[in-house]
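Please read the following account with the sequence and the coordinates side by side. The aim is to lead from strands and sheets to helix packing, pausing at individual residues along the way.

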Amino acid sequence: MRALEVTAPWGFDQINIVERDDPKPGPGEVLVRMKAVSLNYRDFLMVNGLYSRGSSIAASITPFSDGCGVIEAVGPGVTRVAVGDRVSTLFFQGWNSGRPTVEKLTTSLGSPIPGAGRELAVFSQEGVSKVPDFLTDHQVATLACAALTAWRGLFVDARLEPGDTVVLQGTGGVSIFGLQFAKAAGYRTVITSSSDEKLARAKALGADHLVNYKTTPEWSKPVRAATGGVGADFIMEVGGAGTIQQSLKAVRIGGHIAIIGVVSGAGEGVNPAQLIGNGAKLQGLTVGSREMFEAMCRAIALHRISPVVDKVYPWTEARAALSAMQGGEHFGKIVLEF
C-alpha cells in the first residue's frame, strides 16, 4: 500500500508518497481502507514542524487525523464494528468518554499516532465510529476534528439556550459547522469574514448577521448592535491572540469564549481586569471524546445536516491542498480522496 510521509526538515516539499507493507489487524484492531481525509489547520502546522503532542516532534509523520473508510478486516475480539462498516476515524484514539486527561489527549492521530493519510490503516476498534448513512465519504471525512470541535464548544462546554447569540469567526471548517449546528439548535448567529463573497455563502446557510472584519476591524461593535448592546452569549475564537481583544469586547457579561485556534498568531494578551469586569469565561478547547462524537452524529442524522466540502483533491496532491488552505481559499472544508 501507499502512504503519505512528512519528514524533517519539514515543509510542503517534504511531503512524499512511500510504499509500505499492507498492515494486518491484531487483537481488538480493525483494518480500514481509507476513502477520504480532510484538512485542518493543525495539519498545516504539523507539516511545517510547528506542532507536537508530547515532548518532541518525531523525525517523520503520517499526517491527517480526519478520515472516512470501510472496514476490510477485523482482529480477534472486535465487537464494536464489523467488516463492511463505513466508519470515521476519531481524533483521540484513547478518549472514549469522561473528562480529558493527559493520557487521553496524547492519543491524537497524526501526532503522536500515525495518521489517516494512507490507503490502508490499522486502528483500535475504540478509535473508529460508525457514521450517518446519508453522508458522502467526503462529508464523513470532515467530522472527526472540525465538526466535533464546534459541537463540543456549543453543546458540551457552553450552557446556551434557544435564542442565544453565537459569533463564528471566519468561514473555515469549525466556524461553518458551528453555524450549521447553531441554526439547528435555534441560536441567533453572527459570522465574520474578510470576504463579502464568503459572507454571502454563509447567509445562504442561514447566518443572521454578517460582518466583514476587513472593512470593520472593530467587529465587536456590530455584534453589540445586533444584540441590543448586550453582547454575544458565545464566541468561537479561532484567531487566538490576534483577535481576542475584539472577542472580549463583543461577549456579554458572563458569556463564553471558546478558544480553539491561533490562526491570527501573536497579538495583545488578555487583560485580567477586563476579564474580571465582564465575568466572561475563556475556555481552551481540543476536539472531544468518542461519546461526544456519537451524540453529534445522532444530531446530524436527525437534522440532516450536510457538511460543507468546498474543494476536493486526489490524495496524492496533498501539497496543493495544503497550499490552498494556506491561502485561505476555502469555505468550509478541503478534502483529499483516495
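The paragraphs below take up the sheets, then the helices, and then a few single residues in their surroundings.

The model is a predicted one, and the values discussed here should be read with that in mind. A convenient place to begin is the N-terminal part of the chain, where 3 strands form an open sheet in the order 2-1-4, with antiparallel pairing. Strand 2 (15–19) and strand 4 (60–61) are the edge strands of this sheet, and because each of them has a single partner strand, one side of each is left without a neighbour in the sheet. Strand 1 and strand 2 run antiparallel and are joined by 5 bridges. Strands of a sheet pair through backbone hydrogen bonds, in either a parallel or an antiparallel manner.

Within this sheet, Val6 offers a useful point of reference, as a residue of strand 1 (residues 2–7). The bridge partner of Val6 in strand 2 is Ile15, and the C-alpha atom of Val6 is separated by 6.4 Å from that of Asn16, although the two residues are 10 residues apart along the chain. Is Val6 buried or exposed? Val6 counts as buried, because its relative accessible area is 0%, a value under the 20% limit for that class. When neighbours within four places in sequence are set aside, the contacts of Val6 are with Gly11, Gln14, Ile15, Val47, Ala59, Ser60, Ile61 and Pro63. Of the residues in this list, Ile15 is thus both a contact and the bridge partner of Val6 in strand 2.

Strand 3 (residues 29–38) comes next, and this strand is mostly covered, with 7 of its 10 residues buried. Which strands are joined to strand 3 by bridges? Strand 5 (residues 66–74) runs antiparallel to strand 3 and is joined to it by 8 bridges, with Val70 as the bridge partner of Arg33. Strand 7 (residues 120–124) also runs antiparallel to strand 3, through 5 bridges, and here Val30 stands opposite Phe123. Strand 16 (residues 333–337) is joined to strand 3 by 3 bridges, again in an antiparallel arrangement, and in this pairing Leu336 is the bridge partner of Val37.

Parallel pairing is found in an open sheet of 6 strands, whose order is 11-10-9-12-13-14. The edges of this sheet are strand 11 (209–212) and strand 14 (281–284), and since each has a single partner strand, one side of each is left without a neighbour in the sheet. From one strand to the next, the twist averages 15°. At one of these edges, strand 10 (residues 188–193) and strand 11 run parallel and are joined by 4 bridges, and Ser193 stands opposite Asn212 in strand 11.

The helices can be followed from helix 4 (residues 143–157), which packs with helix 5 (residues 173–185) at an angle of about 45°, their axes being 8 Å apart. Helix 4 and helix 5 are therefore oblique to each other, and helix 4 passes helix 5 in a right-handed crossing. Residues of helix 4 that include Leu143, Ala147, Trp151 and Phe155 meet residues of helix 5 that include Val174, Phe177 and Phe181.

Helix 4 also approaches helix 10 (residues 290–303), where the axes come within 10 Å and cross at roughly 90°. That angle makes helix 4 roughly perpendicular to helix 10. The contact is made by residues among which are Leu143, Ala147, Leu148 and Trp151 of helix 4, and Met292, Phe293, Met296 and Ile300 of helix 10.

Two further residues complete the account. His256 belongs to strand 13 (residues 251–259), and it counts as buried because its relative accessibility is 7%. Setting aside neighbours within four places in sequence, His256 is in contact with Asp157, Ala158, Asp233, Phe234, Ile235, Val251, Lys281 and Gln283. Thr243, by contrast in setting, lies in the loop between strand 12 (232–237) and helix 8 (244–250). Thr243 is likewise buried, since its relative accessible area is 15%, and its side chain makes a polar contact of 2.2 Å with the side chain of Glu237.

Conventions. Residues are numbered from 1 along each chain as its sequence is written. This is a predicted model: local features need pLDDT of at least 70, side-chain atom pairs count only at pLDDT 80 or more; totals for chains, interfaces and linings use all residues. Side-chain values use heavy atoms; hydrogens and water are left out. Helices (H or I, at least four residues) and strands (E, at least two) are DSSP runs, numbered from the N terminus. Buried means under 20% relative accessible area, exposed over 50%, partly exposed in between (1.4 Å probe, protein chains only). Contact means heavy atoms within 4.5 Å. Two strands pair if DSSP finds at least two bridges between them. Axes are lines fitted to C-alpha atoms, for helices over the stretch in contact, and angles run from 0 to 180 degrees between N-to-C directions. A polar contact is a pair of N or O atoms within 3.5 Å; within protein, one must be able to donate a hydrogen and the other to accept it, and residues adjacent in sequence count only if both atoms are side-chain atoms. Angles under 35 degrees count as roughly parallel, over 145 as roughly antiparallel, 65 to 115 as roughly perpendicular and the rest as oblique. A crossing is left-handed if the near helix is turned anticlockwise from the far one by less than a right angle, and right-handed if clockwise.
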